[in-house]
Structures are given as C-alpha cells and as structure tokens.
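Reader: I'm new to this one and would like a close look at a single part. Could you pick the middle of it and walk me through slowly?

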Amino acid sequence: MEMLNCKGVRLSFIGINFTRTNQLMKVGSQSQRVKRATTIRCCEYSPDPASKRHERYQPQPQNVDLPELHPKNKKKPFPVPIKKMLQASRQNKRLAQMRMEKPLEPPKNGLLLPELVPVAYEVLDNWKVLIRGLSELLNVVTVHGCRKCPQVHVGPVGHEIQDCYGSGSQRRNSHHSWVRGSINDVLIPIESYHLFDPFGRRVKHDTRFEFDRIPAIVELCIQAGVELPQYPSRRRTAPVRMIGKKVIDRGGVVEEPKPHCSEDCISLLAELDTFSNQQGQSPAPSNVKEHAEMTLKAYCNVRQGVRKLMRKYMVKACGYCSEVHVGPWGHNVKLCGAFKHQWRDGKHGWQDAVVDEVIPPNYVWHVPDPAGPPLRSSLRSFYGKAPAVVELCVQAGAEIPEEYRPMMRTDIVIPDSKEARLAA
C-alpha cells in the first residue's frame, strides 16, 4: 500500500516475514526447536519521482588515497575481467569451427562512426590548446625534473622528500638531483605508429622505420575520422569480414597515397607534437589566470573525449611497458625491455588500454603554498598529489577542479614538524 503526502514524498508499507526460534520442546524421544513465523510491518521512505523538490545528495570523499606506483616485476592488471575475455574467446572459436563470420559492428569492422567524428575533431582542437597553453605557462611556473629518476616537481624550488630510487640514491640519502624541466616532463609523450590501414599489413620489427611515430591521441583522432593531409588514412565503404582471427575480406588492396609536405602541414604538425613546443619558444601570456583556466579546461576535455573514443575504437597497450598501439591488434616490433622480455623475445604483451595509458596523469606532490618552505619528508603524510598539468595550472591561478580536491587534500592543515609528532 502506498501513500502520498502533501510534500510529494511517497510512503509505502512493506512486509518482512522471517522465522524466529522460540523455545525447545520434546517431541517423542528427541527435543526439537519450535519455530514461530513473525511478520513485521514497516514504512519505507522513497521520494516521489514526480516531485521536483527532492534533490539527491551525493557526498564527496574528504580524502582519497594517493596513487601507488606499479611494481616493475609484475604485469599490469587486465582492464576487462578474464572470465569475460575467455567467454568471448570461446564464442569466437565456436563460430570459427562452424565457418561462420564473426558479427562486427562499427568501428570494429573498419567503418567510421559518424557520431564520433565531431568528438575526434574536438579532442584534436583541445590537444592543440593544451600544448600551446603549457608551453606558455612554463615561462611563469617553474617545473623541476630529477636527473636520476622520473620524478617531477612543480614549484619554485624542488622538494626535499627522500623518495628517489635512481642510480646513486644511497649516496644522496634518497634526495633528488633537480634540474629544470620541460613540457615533456609535465605532459608525458606517448607515441604510436601511424597506419594508413589498421586492418592492413602489421608493423614488423624489420619494417618499423617505414612507419611514422606520432602522438597516440593524434593517431586515435585520425582513425576516428579526422583528416590530416600529412597523415592520410583509408576510409572504407564496405565492412571487413572475419572468421575467427582471420580476415577473409579487407576490401582489396589500396595503394597508400604520398603525404603532403607543404608549409601549412609542417606548421600543423608543430602544433600537435610536444617536442616542437619547448620552453622559451612561446611568449609568456598576458593574462596568466585566464590562460591557466583555459589550459586546464582543455586538459579535462581531452581526457573526456579520449574516454569516449576508446569506448568504441580499439587501443592496445603493453602489459609490461608504456608502449601503446592504436588499432585492432598490436604490432610485432621487438623493443620491449621490461620484466621478462627475454622470455617473449622482446615482443610486447598486448592487452586493452585504459585512458591513463594513452594520456598519463603523471602525479606530482601538491604544493599548498608555493612561496612557503619546500616540502619535507617528515610531513609527507599530510601532502596530497595531483596530475602535473593540474598542479601547473593551479599554481598559475586556475581554480582547483572538484574531482581533484580529495586527492590534493586541500582541507588538511599542514602542521609544524613538532606538531606532526603529536598528530594521530
């Protein structure tokens, strides 16, 4: 039975039936427990869906655990559960044994998704804004990088946290050896082989120099529908047909056209690559705060757009190293030097990629007061972390996004070294 009060809240009465053990009684020669059924009527509160006054409260976590470093002697976890992978593999094998084609939907059959083409163009435009904004903000905010390990710090001076594990760290008591950083320390470059036809010939170890290496985000946008004259891509009108893992119809062989090498193409490629946008080449922005807000918004839009594209388009990543390949299957280049690469003859262990592998966040320590003293090891439990791009834009004057506040621990007051000993 349901009731509707004057405030638009729906009340419903539900019945709960359970059995309760009451007492012991002797039946025959054995004693047994007598169970009594009890019914409880209670009131359930549920807001009326037609009521517009009710607002769902979703509490945000106060603090989030800092990200842990993945050990180098272990393989990355699979983003898809193994049970689902085995179930899909058995289904494909069953269809292959029956000589039936695998049902493929766009874009897994080589066709484009028209609704994702604007998303790809938007991601590429935000990628240009992000690279240009970071190269200009580096003239305002200082970035440091360790010469012995991949640690990065955003701030006027390097921190004093003893967490260096590079060569000679024992002689330096795990202190970092800081040098001036660049845009590649803030935005880690992840490159991939550009393929004219992702379903065509695979990249082999002997033919790896015949393919260009471009940022993985740019290659993902090209395969999603972006047209760049320097990097042509095949646009199919007929789908690819497969039986099991074998492609039975690629739509014929199409000769790869020669890329254009005009001045406009060269200037366009300079906007898409971080290596051509180093510090000092771009002037400092006039309005630093507005420029930082625009750069941070572009970074969030790039991650959001890449997440949308990766839900449909296939991107592979090595389970041992940072290699990324955009396409239905990985390449055969034997350049993996990670854990147990001798057992694999240098081949990569391909698996489905996640967003953090295509655009790594590169977490750094959050500096609450850039003008204050440097961060110390004794107070590291009170410090937070944030992606290097977010930390750079925040120190330049941008507002902290809500999704990064719990990890940055903005609500924690940094105590003195003597007060930290008394903290719980």
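Author: Here is a walk around helices α2 and α6, followed by a few loop residues.

First, some ground rules: this is a predicted model, in which local features need pLDDT of at least 70 and side-chain atom pairs count only at pLDDT 80 or more, while totals for chains, interfaces and linings use all residues. Residues are numbered from 1 along each chain as its sequence is written, and side-chain values use heavy atoms, with hydrogens and water left out.

The protein has 10 helices and 15 strands; helices (H or I, at least four residues) and strands (E, at least two) are DSSP runs, numbered from the N terminus. Of its 424 residues, 41% count as buried. Buried means under 20% relative accessible area, exposed means over 50%, and partly exposed is in between, using a 1.4 Å probe and protein chains only. Take the contacts with a separation of 6 or more: 69% of them come from residues 24 or more positions apart, where contact means heavy atoms within 4.5 Å.

Now to α2, residues 117-137. This helix has 21 residues and reaches 30 Å from its first C-alpha to its last, close to the 30 Å expected at 1.5 Å a residue. (The expected span is 1.5 Å times one less than the number of residues.) Of those 21 residues, 15 are buried, so α2 is largely enclosed by the rest of the structure.

Its partner here is α6, residues 288-310, with 23 residues and a reach of 33 Å, close to the 33 Å expected. The two helices pack at an angle of about 145°, with their axes 8 Å apart. For that, axes are lines fitted to C-alpha atoms, for helices over the stretch in contact, and angles run from 0 to 180 degrees between N-to-C directions. The crossing of α2 and α6 is left-handed, meaning that the near helix is turned anticlockwise from the far one by less than a right angle (clockwise would be right-handed). By class, their contact has 16 nonpolar, 6 polar and 3 charged residues. Ala, Val, Leu, Ile, Met, Phe, Trp, Tyr, Cys and Pro count as nonpolar, Asp, Glu, Lys and Arg as charged, and the others, Gly among them, as polar.

Stay with α6 for a moment. Its buried residues include H291, Y299, R303, V306 and L309. The buried residues of α6 pack against α2, α4, β11 (315-318), α7 (355-358), β15 (385-387) and α8 (388-395).

That leads to the largest nonpolar core, which has 64 residues. A nonpolar core is a set of buried Ala, Val, Leu, Ile, Met, Phe, Trp, Tyr and Cys residues joined through side-chain atoms within 4.5 Å. W127, I217, L228, V306, L309 and L392 touch the most other members of this core. Helix α2 supplies its largest share, 10 residues. As for L228, not counting residues up to four places away in sequence, it touches L124, V218, I222, L268 and L272. Apart from this core lies another, of 7 residues, among them I161, V367, L375 and L379.

I222 turns up again if you look at S233, which is in contact with L195, F196 and I222, leaving aside neighbours within four places in sequence. S233 sits in the loop between α4 (216-223) and β9 (241-243). At 12% relative accessibility, S233 counts as buried.

Going back along the chain from α2, you reach the loop between α1 (82-97) and α2, where P107 lies. The peptide bond from P106 to P107 is cis, with omega near 5°. After α1 comes R99, whose phi is positive, near 55°. Most residues other than glycine have a negative phi, and most peptide bonds are trans.

Two other loop residues share that positive phi theme. N362 has a phi of about 55° although it is not a glycine, and its place is in the loop between α7 and β14 (363-365). N362 is buried, with a relative accessible area of 13%. K340 has a phi near 60° and lies in the loop between β12 (324-326) and β13 (350-352). At 34% relative accessibility, K340 counts as partly exposed.

One last stop is D416, in the loop between α9 (405-408) and α10 (417-422). Leaving aside neighbours within four places in sequence, D416 is in contact with R376 and L379.
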